[in-house]
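Please work through the exercises below with the sequence and the 3D structure open beside you. Each task is followed by a solution that goes step by step.

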Amino acid sequence: MERKEGAVEEAKKRCKAFKHGISTLTTTTQQSSWKTTLLRLINSELSFLNRISLSNSPLKLSTNIGYLESVLHILQHPLVTSVSRVCKPISIVPQQSVYVDIICSFNGNPVWFIVSDRNPKYISWENLENNRNCKGLRSKILELLLAASEASVIVRPCSIILFFSNGLQSCVLEKLKDEFGANTDMGFGFCEFDCEFYDELDDGDWVSVLGRSFEIACILEIKIGTFSDSSREVKLQDRDGQTLGRLHTDDASNDVNLGDSFIALVSALRSWSAFDVEEAELVNFDTTALVAIVSGISNGGIDRIMDTPESELRSRFKGNYEFMIGQVNSEMKKPIHMELMPVISQKKGIVCESVCSEFQELVSMCGGPNEKSRAKHFLEHLRVVPDCPSERLTGLPTTRKLALKNKVAFGTGDYWHAPTITANMAFVRAVSQTGMSLFTVEHRPRALVGD
């Protein structure tokens with residue numbers, strides 16, 4: 001009886017630690033539907049454990065906690081972003097669906113994760129003859145690949161990543177490699193960090209503890225035929241005989257005081273003068289990001305704004321006064337250039353033609369002389385690429401929340417496999433609600449203030 005109670009209590013602790021782990025995951029929205037799904041699943045496990053602890057039956061502690069811990073481990077990986085769906089089936093065609101554990105972006109590419117916490121001894125390659133309902137791994141992979149190829153462009157992955165948290169028998173591993181071209185050398189360590197969990201102290205604080213190790217996990221990637229690593233390189237090398245559109249000549253006057261933090265941010269971008277396809281990492285800027293970078297609020301104008309009488313500021317900014325003051329307070333707590341520095345460091349910046357035009361028009365109408373100088377200087381360090389939204393974004397319906405101009409801006413970044421830096425989280429949320437995983441980086445908004 002003591003053994004049963006000990007096992008149940010340990011499982012309950014894992015559930016509580018798992019719930020705390022969910023709360024630490026960052027998302028683009030306060031209430032993400034996939035977080036709600038995970039909480040529902042772990043609460044179901046807790047209910048099961050509570051029933052077990054009250055019964056006098058022999059110990060039959062078979063739970064899904066290990067599987068959920070594996071899912072959380074993947075979600076904690078720094079290259080996993082834009083999670084749109086977790087632990088749910090997706091419809092491919094009417095009356096046909098397939099179960100996918102995680103739909104997200106991984107290293108900027110849309111992927112499906114399939115997770116298994118089973119003992120590798122019980123993972124068979126072929127269907128079991130005496131059990132029609134128990135499919136072998138081969139049949140499951142074929143079903144997934146067919147679903148991936150027929151899925152709408154909104155949720156279609158470029159690859160399927162298989163995560164076996166307890167490893168895989170060598171004979172099954174070799175069959176995956178031989179028949180499906182599964183790759184185990186992804187270059188990203190899922191086994192190099194452990195799943196971090198927490199234990200609650202008596203005073204209500206949490207202390208970090210080792211939840212479980214995934215050192216023996218086996219991770220494989222299967223590419224989908226319509227996508228390939230070389231597709232992006234071909235686009236970079238050969239698009240209308242040019243390399244990623246036009247690049248301005250840097251002829252900014254040296255005597256213009258652009259600001260130290262602005263110059264440091266620009267210097268963090270890699271130069272386009274010696275373009276190397278293999279080493280290129282791109283980052284896409286939307287209009288909100290460009291405005292935030294050159295805004296007077298972000299470039300030492302806080303003191304001047306705070307020293308200005310409130311009546312004058314209200315007259316100047318009218319209904320936007322509270323919004324502008326909020327941005328000033330935000331900048332004082334965490335400067336936007338400091339926030340964006342690690343995001344763009346050693347990456348090459350791109351901006352699509354429509355965003356470039358919109359930004360230049362905004363600066364011309366609302367920007368002060370310093371903001372105009374910074375805008376000109378920053379654009380001279382970016383490639384202006386043609387508007388070329390990806391098929392995925394183009395396939396979304398154009399609505400009030402999914403405006404065409406935003407589909408072009410974000411879709412161009414998606415086309416080049418580049419994250420889009422943005423404060424337009426309304427659009428990001430609208431895309432997420434369609435089930436699409438879109439690679440974006442959020443920043444806090446800044447406005448032009450006539451600096």
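The exercises go from the whole protein to its cores, strands, pocket and cavity, and end with a single residue.

Before starting, note that this is a predicted model, in which local features need pLDDT of at least 70 and side-chain atom pairs count only at pLDDT 80 or more, while totals for chains, interfaces and linings use all residues. Residues are numbered from 1 along each chain as its sequence is written, and side-chain values use heavy atoms, with hydrogens and water left out.

**Exercise 1. The whole protein**

Find how many helices and strands the protein has, and what percentage of its residues is buried.

Solution. Begin with the elements, which are DSSP runs numbered from the N terminus (helices are H or I with at least four residues, strands are E with at least two); the protein has 17 helices and 13 strands. Next take burial, where buried means under 20% relative accessible area, exposed over 50%, and partly exposed in between, with a 1.4 Å probe and protein chains only. Buried residues account for 47% of the 451 residues. Last, look at contacts (heavy atoms within 4.5 Å): among those between residues at least 6 apart in sequence, 73% join residues at least 24 apart.

**Exercise 2. The nonpolar cores**

Identify the residues that touch the most other members of the largest nonpolar core, and the helix that gives the most to this core.

Solution. A nonpolar core is a set of buried Ala, Val, Leu, Ile, Met, Phe, Trp, Tyr and Cys residues joined through side-chain atoms within 4.5 Å. The largest one has 83 residues, and Trp112, Leu176 and Phe285 touch the most other members. Helix α8 (residues 287-294) gives the most to this core, namely 6 residues. A second, separate core has 35 residues, including Cys15, Leu25, Leu49 and Tyr67. As background, nonpolar side chains in soluble globular proteins tend to be buried together.

**Exercise 3. Two enclosed strands**

Explain why strand β2 and strand β10 are each described as largely enclosed, and find their partners.

Solution. In β2 (residues 96-106), 8 of the 11 residues are buried, so this strand is largely enclosed by the rest of the structure. Two strands pair if DSSP finds at least two bridges between them; β2 and strand β3 (residues 109-116) are joined by 5 bridges and run antiparallel. Phe106 has Asn109 of β3 as its bridge partner, and the two strands form a hairpin with 2 residues between them, where Asn107 in the turn has a positive phi of about 55°.

Turn now to β10 (residues 348-352), of which 5 of the 5 residues are buried, so β10 too is largely enclosed by the rest of the structure. Lys348, Ile350 and Cys352 lie on one side and Gly349 and Val351 on the other, so that both faces are covered. Strand β9 (residues 282-285) pairs with β10 in the parallel sense over 3 bridges, with Gly349 in β10 as the bridge partner of Val283. Another 3 bridges join β10 to strand β11 (residues 383-385), again in parallel, and here Cys352 stands opposite Val385.

**Exercise 4. A pocket and a cavity**

Describe the lining of the second largest pocket and that of the largest cavity.

Solution. On a 1 Å grid over the protein atoms alone, a cavity is a set of points where a 1.4 Å probe fits but cannot get out, and a pocket is an open set with protein on both sides within 12 Å along at least five of seven lines; lining residues have an atom within 4 Å of a point. Grid points are joined across faces, edges and corners, and a volume is the space filled by probe spheres set on the points.

The second largest pocket has a volume of about 600 Å³. Its lining has 22 residues, of which Asp101, Ile114, Val115, Ser116 and Lys140 lie nearest the centre, and the largest share, 5 residues, comes from α4.

The largest cavity holds about 30 Å³ of space. Among the residues that line this cavity are Ile103, Trp112, Arg156 and Met436, and β3 gives the most to its lining, with 3 residues.

**Exercise 5. One residue**

Is Leu137 buried or exposed, and which residues does it touch?

Solution. Leu137 lies in helix α4 and counts as buried, because its relative accessibility is 10%. Leaving out residues up to four places away in sequence, Leu137 touches Ile123, Ser124, Trp125, Phe164, Val172 and Leu176. Leu137 and Asn127 are 10 residues apart in sequence, and their C-alpha atoms are 7.7 Å apart in space.
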